[in-house]
Amino acid sequence: MMERPACPWRRPSIWVRLSRNHLAVLGSTIVAAIVLVALLAPWLPLVDPNLTAPADRLQPPLSPTALLGTDQLGRDVLSRLIWGTRVSLAVGLSATLIAAVAGSGIGLVAAYVGGPVDQALMRGIDMLMAFPYLLLALAIVAALGPSLMNALLAISVVNIPFFARAVRGATLSLVRREFIDAARLAGYSRFRILTSELLPNVMPVIVITMSTTVGWMILETAGLSFLGLGAQPPQADLGSMLGDGRRIVVTAPHVAAVPGVLILVLVIGINLVGDGLRDILDPRLKAGALSRPVARTATMPAQRRPGALPSTGPSEHGSSPPLLAMHGLDTQFEIGREVYRAASGVDLTLGRGDSLGVVGESGSGKSVTALSVLGLVPTPPGRITGGSIRFDGTIDLLDVPLSGLQDLRGGRIAYIFQDPLTTLNPLMPVGEQVAETVQRHQGLSNRGAWAQAVEWLDRVGLRAPAEKARAFPHELSGGQRQRVVIAMALANRPDVLIADEPTTALDVTTQARILDLVNDLRRQSGAALLFITHDLGVIATLCTRVLVMYAGQVVESGPVAAVFATPRHPYTRGLLACVPVLGQPERALDAIPGLPPPVNRLPRGCAFADRCPSVVAACRQAPVPLRPVGPARTARCLRAEDGLHG
């Protein structure tokens with residue numbers, strides 16, 4: 001019986017994603033109910049909102065003829081509230097639309113054209129922003145005369161700068177992109193580039209700004225009407241009702257309280273909807289990348305499976321207990337209803353002085369495994385759902401309190417990230433950043449920490465280290481920044497050094513120097529090294545043991561010389577076949593066919609089966625375990641001992 005193919009994954013619709021935000025659902029329900037009642041006002045059984053009845057003035061709520069009571073002229077509060085809400089919503093939405101169109105147009109043109117046009121437009125915006133926006137609105141209405149239309153115009157004008165600034169900032173980050181250059185080369189006019197290339201890319205910014213501004217627009221309209229500058233008698237809006245009720249708030253509090261509560265509920269509902277739209281339109285927030293940041297990766301203790309420590313070969317320095325031992329690590333990303341198993345059942349050990357290389361294609365789980373050691377996988381959406389990570393034989397890094405983990409980070413366990421330009425603080429001299437980590441873990445004085453920072457910058461090979469210590473990251477070259485990051489990682493003489501592709505963006509000469517530097521300093525300090533890279537040549541030069549990962553799993557491990565000489569997994573053999581050999585120009589480079597499976601749709605059996613030249617039926621029937629295949633070697637392959645991969 002053939003397996004039914006899995007349905008292709010589709011991105012959830014806007015309504016599905018919005019429904020997962022419970023506060024946004026609450027806000028949408030509130031706003032929808034209020035808008036629906038306001039739209040149905042002409043067909044509801046309401047009395048004339050302007051009909052006065054002095055004999056029935058100031059009736060309390062729940063009166064027989066007036067559900068919410070009457071005001072000082074005997075007018076029905078419920079009828080005026082519904083009709084007034086209709087007016088306030090119309091004015092607030094209209095003012096928001098006018099401000100969005102005018103401000104967005106100014107921002108787009110200023111950012112794209114630049115030069116004198118940008119200066120003229122933005123100086124005009126600066127003049128508007130120089131005045132408190134409410135006072136400016138009052139001045140405009142006072143000059144034009146009190147009326148609802150003039151209040152709408154005033155509120156629109158004072159909110160134009162907020163849209164102009166936001167859209168100009170977003171557009172400036174796009175005007176130098178390659179797709180804009182391509183549009184120019186295609187002969188597009190300026191107007192077409194603005195409308196078809198730039199506007200769609202900044203539309204999320206415009207929509208988000210509108211959704212968060214419309215609530216303020218309603219409040220500002222109500223404020224002007226409250227002061228008598230907006231809606232004029234007998235016309236009702238929420239602000240004028242609030243203004244009428246302030247004179248009798250002691251004797252009849254319901255006259256002011258009812259519109260005041262509705263304004264509060266309406267603005268809160270609109271803001272909740274705005275937050276939900278922001279989460280939907282910002283692709284980073286879809287995955288939770290910017291929401292509720294936490295100091296460490298979340299763990300799920302109920303699902304964790306602590307067990308025996310893995311055996312991946314003896315340490316280079318005898319049979320002493322491993323310094324770092326990871327068993328059965330499961331790290332997942334939960335995005336919506338999808339679960340991405342980025343690291344699944346990963347085992348590794350690292351003894352004092354060891355150098356372990358981790359290699360695999362992009363997306364194989366190398367960086368996620370390394371980040372899990374120090375709880376640096378971002379939550380949300382990441383979480384550790386299984387396994388244990390023991391440091392120094394006794395400390396389980398997944399259970400240690402946050403304060404204890406922070407003492408280990410940068411101290412006994414250091415991390416070298418891939419891109420030093422984004423790792424270093426752009427607003428601090430590099431010497432201060434090295435001194436900061438020294439002071440944090442060693443408790444030295446400012447002068448002592450600075451002296452050590454300069455010393456380590458000298459040890460990593462920076463010329464004129466005292467001068468370079470006062471430089472900012474952008475003033476250094478890529479190789480110099482990488483040396484700074486290495487100095488920061490080694491300054492506290494860590495027991496474990498994790499290097500995550502630290503030389504990927506460097507030229508070959510600088511890469512060789514950095515690798516020699518890392519290796520020399522590791523040997524001098526006796527630190528254990530976990531080195532992540534795509535380059536098998538680097539692994540052969542720098543490491544003594546290797547871990548090969550594929551689709552979040554370890555597929556082969558063992559001594560570098562043995563694994564590279566006789567690979568026991570077809571994936572390892574495929575990686576080695578892609579590496580050119582010096583002096584053998586006739587040797588063909590065989591690329592591995594196909595692509596890795598998505599880690600949210602892993603197959604039942606071997607993850608490499610669809611790309612494997614030696615696949616058999618049993619490979620697809622059940623998960624393939626990682627098993628010993630020789631001295632200090634393991635492989636996740638049913639045919640590892642058949643001699644097909646040697």
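This text walks through a sheet, its helices and some side-chain contacts in a predicted model.

Start with the sheet. It is open and has eight strands, in the order 7-8-9-4-10-11-13-12. The pairing is mixed. Strand 7 (413–416) and strand 12 (627–630) are the edge strands, and each pairs on one side only. From one strand to the next, the twist averages 25°.

Look now at one edge. Strand 7 and strand 8 (residues 496–500) run parallel, joined by four bridges. Within this pairing, I413 stands opposite V496 of strand 8.

Helices pack on this sheet too. One of them is helix 12 (residues 366–373). Helix 12 touches strand 4 (355–359), strand 7, strand 8, strand 9 (528–533) and strand 10 (545–550). The direction of helix 12 makes about 150° with that of strand 9. Helix 22 (residues 570–577) also packs on the sheet. Its contacts are with strand 10 and strand 11 (553–559). Here the angle is about 105°, taken between the directions of helix 22 and strand 10.

Next come the aromatic rings. The model has four aromatic pairs. One of them joins Y550 and F608. Their ring centres are 5.2 Å apart and their planes stand at 90°. Planes over 60 degrees apart count as edge-to-face, so this pair is edge-to-face. Y550 belongs to strand 10, while F608 sits in the loop between helix 22 and strand 12. The pair therefore ties together parts that are 58 residues apart in sequence.

Are these two residues buried or exposed? Buried means under 20% relative accessible area. Y550 has 1%, so Y550 is buried. F608 has 2%, so F608 is buried as well. A further ring joins them: Y550, Y571 and F608 form one aromatic cluster.

Rings also meet charged side chains. R192 lies over the face of Y188, 3.9 Å from the ring centre. The charged end of R246 sits over the ring of F226, at 4.9 Å from its centre.

Finally, turn to a pair of helices. Two packed helices are described by the angle between their axes and the distance between the axes. For helix 2 (residues 22–39) and helix 3 (residues 77–113), the axes come within 8 Å and cross at roughly 110°. Angles of 65 to 115 degrees count as roughly perpendicular, so helix 2 is roughly perpendicular to helix 3. Which residues meet here? From helix 2 come I34, V35, V37, A38 and L39. They meet I82, T85, R86 and L89 in helix 3.

Terms used
Residues are numbered from 1 along each chain as its sequence is written. This is a predicted model: local features need pLDDT of at least 70, side-chain atom pairs count only at pLDDT 80 or more; totals for chains, interfaces and linings use all residues. Side-chain values use heavy atoms; hydrogens and water are left out. Two strands pair if DSSP finds at least two bridges between them. Helices (H or I, at least four residues) and strands (E, at least two) are DSSP runs, numbered from the N terminus. Axes are lines fitted to C-alpha atoms, for helices over the stretch in contact, and angles run from 0 to 180 degrees between N-to-C directions. Contact means heavy atoms within 4.5 Å. Rings of Phe, Tyr and Trp (its six-membered ring) pair if their centres lie within 6.5 Å; planes under 30 degrees apart count as stacked, over 60 as edge-to-face and the rest as tilted. Buried means under 20% relative accessible area, exposed over 50%, partly exposed in between (1.4 Å probe, protein chains only). A charge sits over a ring if NZ of Lys or CZ of Arg is within 6 Å of the ring centre and within 35 degrees of the ring normal. Angles under 35 degrees count as roughly parallel, over 145 as roughly antiparallel, 65 to 115 as roughly perpendicular and the rest as oblique.
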